[in-house]
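Trainee: I'm new to this structure and would love a close look at a single part of it. Please pick one piece, walk me through what surrounds it, and then show me how it sits within the whole.

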Amino acid sequence: MAERANIQNASQQTFDRFYRFHGGLKLAGHRELTVTVPIAPADIPPLLVLPLLQHIGEPAEALVKPGDSVRTGQMIARPVGMVSAPVHASGSGTVVAVEPHPVPHPSALPADCIVIETDGRDQWLEAAGGLPDYRSAEPQVLLERIREAGIVGLGGAGFPTRVKLASGKRAIDTLIINGAECEPYITCDQRLMRERATEIIEGVRILQYIVQPEACTIAVEDSMPAAETALRDALEMLQETGISVTRIPTIYPTGGERQLIKVLTGREVPSQGLPADIGIICQNVGTAAAVYRAVCMGTPLLSRIVTVTGSGILSPRNLEVRIGTPLSHLISACGGYTQDVERLLIGGPMMGYAVNSDAVPVIKTTNCILAVTREEMPAPPPALPCIRCGRCTEVCPADLLPQQLYWYAHSDNYDAAQDYDLFDCIECGCCAYVCPSHIPLVQHYRHAKTEIWAQEKQRRKSDLARQRHEARLERLERIKQERAEKMASKKQALSQDAGGPDPRQAAIQAALERVKRKKEQAGVSPGNTDNLTPEQRQQIAAADQRRAAQQTGDGQAE
Ligand code: SF4
Ligand code: SF4
């Protein structure tokens, strides 16, 4: 099954050959628009819009309210739970709102955001201080720094980096740094590798120190010779021999985590599993650079490189952008739209999604803003019925059955869709790209996933409510039982008391015994009272009366 190929890198045995994943496409790159344009910093906009959820997991919790002054680098929302990430102010100014706002998401639904009116001064918070000598610290300390810095996977998935680095149930043997920017048009990672190779390698060294892998490589596509050269030069300059650079074929979607792992190692990540389950961790080159800045310079994740491109943009560029900057601000920085602009997408043409408004902000996972003309990307014709041609199956890099998935997702049969591994679909769009019936397959899969997540959330909510109700019933039953047990033990104590000697009876009996003894001592036999003194007669009469009274009382009681 594995296909041997040329030896690309001789520095490490592990990556001296590559493997082929199923399916995939050869696509036109369209990278010439921006690949030669150096990264430029974008201005800080008048308003920064920072969503509380910019990552996979739970949204962060706002720490600020309208009216609060904030400084650049200040944590303004803290992580909630294990899989979450904090949000930092990417510019100084005043918080003007904490409210729902349009955000970049395929659902187009608004989400909670912190809106900062910037003051134009970019006043930084006193930095926590870098840790250039990070080897003197425990890996746990560095993991905490990475979490505190709000770093998430910058390749597009947005999984919190700290969680990923600590997720292995087994030892990590391989660290892969993903420089394979496989979608057309996008060049932000390529420019980063060309211009900031040293930062990337310093970040990789930190990651190596944390996970202690046996092998580590940076994967670049064979269409990125300048990036490859820059990385090799930096490795040489730093005299780093524990990291290699591997050149891989440009086949879409090689940059997908599972596909890259397959290409480099021949290993398959189990269905719905994590790379860490097979001893591998994969990080994007941008994430590695962010780790370097967080650990060695104490800088949280405040900005990222974004490719602003497409024939609908007057001057396409790669910009270093503060997180929270509205797309409209960046499009202005690139000269604005062309007159024939047709659609605006976030991400590339394959995995990206259209947005209705350029007021949405750049978030941590935004790698590309693509404005296309009608000529460049014509609107898809109306969808026709599936003709079961099987082309979608041939190209699926996840080795799924896209037409079956479509059938079940379309008919809302979500259980069956999951049986066909819906959640292994990486939404690469290869199936929709080749479908002769122009069925928007990925949209159906996204919708099905969203529905399943919503149902799962609802189910968890109902389960929680049911568990609470059952716990209450159990508590009430326990209280009832405890009360019943108390009553029973009281009754038992009373009945035991009733079976013992009656103190009154015992006193009478003792008095009679005393009188009897006295009579005997005085020679008085029972029934003979002749020789008794008047006092003794009175005592006997009183005792007889008490006994009679007692017997009468007992008889009545019965
Ligand atoms: S490519 Fe389209 S028409 Fe062909 S089987 Fe797949 S979904 Fe059906
Ligand atoms: S979008 Fe999903 S089903 Fe379609 S080709 Fe990609 S991985 Fe396969």
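Mentor: Happy to! Let's begin with a term we'll need: a helix here is a DSSP run of H or I at least four residues long, and helices are numbered from the N terminus. Please keep in mind that this is a predicted model. The part I'd like to show you is helix α4, which covers residues 197–211.

A good place to start is glycine 203, which lies in helix α4. Is glycine 203 buried or exposed? Its relative accessibility is 0%, and buried means under 20%, so glycine 203 counts as buried. What does glycine 203 touch, once its neighbours within four places in sequence are set aside? The contacts of glycine 203 are then Ala288, Val291 and Tyr292. These three belong to the stretch 285–297, which is helix α7. For a sense of distance, try aspartate 68: it is 135 residues away from glycine 203 along the chain, and their C-alpha atoms are 34 Å apart.

Now let's turn to a helix that packs against α4. Helix α1, residues 139–148, meets α4 at an angle of about 130°, and the two axes are 9 Å apart. An angle of that kind makes α1 oblique to α4. The crossing of α1 with α4 is left-handed. On the α1 side, the contact is formed by Pro139, Leu142, Leu143 and Ile146, while α4 brings Ile206, Tyr209 and Ile210. In the contact of α1 with α4, seven residues are nonpolar, and there are no polar and no charged ones. As you look at the spacing of such residues, one rule helps: an α-helix has 3.6 residues a turn, so residues three or four places apart point the same way.

Next comes helix α5, residues 225–237, whose axis comes within 9 Å of the α4 axis, with a crossing angle of roughly 60°. This time the crossing is right-handed. Here α4 takes part through Ala197, Thr198 and Ile201, and α5 through Ala230, Leu231, Ala234, Leu235 and Met237. By class, the contact of α4 with α5 has seven nonpolar residues, one polar residue and no charged residues.

You can also follow α7 onward from the residues that touch glycine 203. After α7 a loop leads to strand β13, residues 303–309, and threonine 299 sits in that loop. With a relative accessibility of 18%, threonine 299 counts as buried. Apart from its neighbours within four places in sequence, threonine 299 is in contact with Trp124, Ala149, Arg293 and Ala294.

Finally, let's step back to the whole protein. Helix α4 is one of 15 helices, and there are 17 strands as well. Of the 558 residues, 47% count as buried. The C-alpha atoms fill a box of roughly 145 × 60 × 50 Å along the principal axes. The radius of gyration is 40 Å, whereas a compact globule of 558 residues would have one near 24 Å. Among contacts between residues at least 6 apart in sequence, 73% join residues at least 24 apart.

Definitions and conventions: Residues numbered from 1 in each chain as written. Chains lettered and ligands numbered in written order. Predicted model: local features only at pLDDT ≥ 70, side-chain atom pairs only at ≥ 80, totals over all residues. Heavy atoms only, no water. Axes fitted to C-alpha atoms, helices over the stretch in contact; angles between N-to-C directions. Helix = DSSP H or I, 4+ residues; strand = E, 2+ residues; numbered from the N terminus. Parallel < 35°, antiparallel > 145°, perpendicular 65-115°, else oblique. Left-handed = near helix turned anticlockwise from the far one by under 90°. Contact = heavy atoms within 4.5 Å. Nonpolar A, V, L, I, M, F, W, Y, C, P; charged D, E, K, R; others polar. Rg over C-alpha atoms; globule rule 2.2 N^0.38 Å. Buried < 20%, exposed > 50% of the residue type's maximum accessible area, 1.4 Å probe, protein only.
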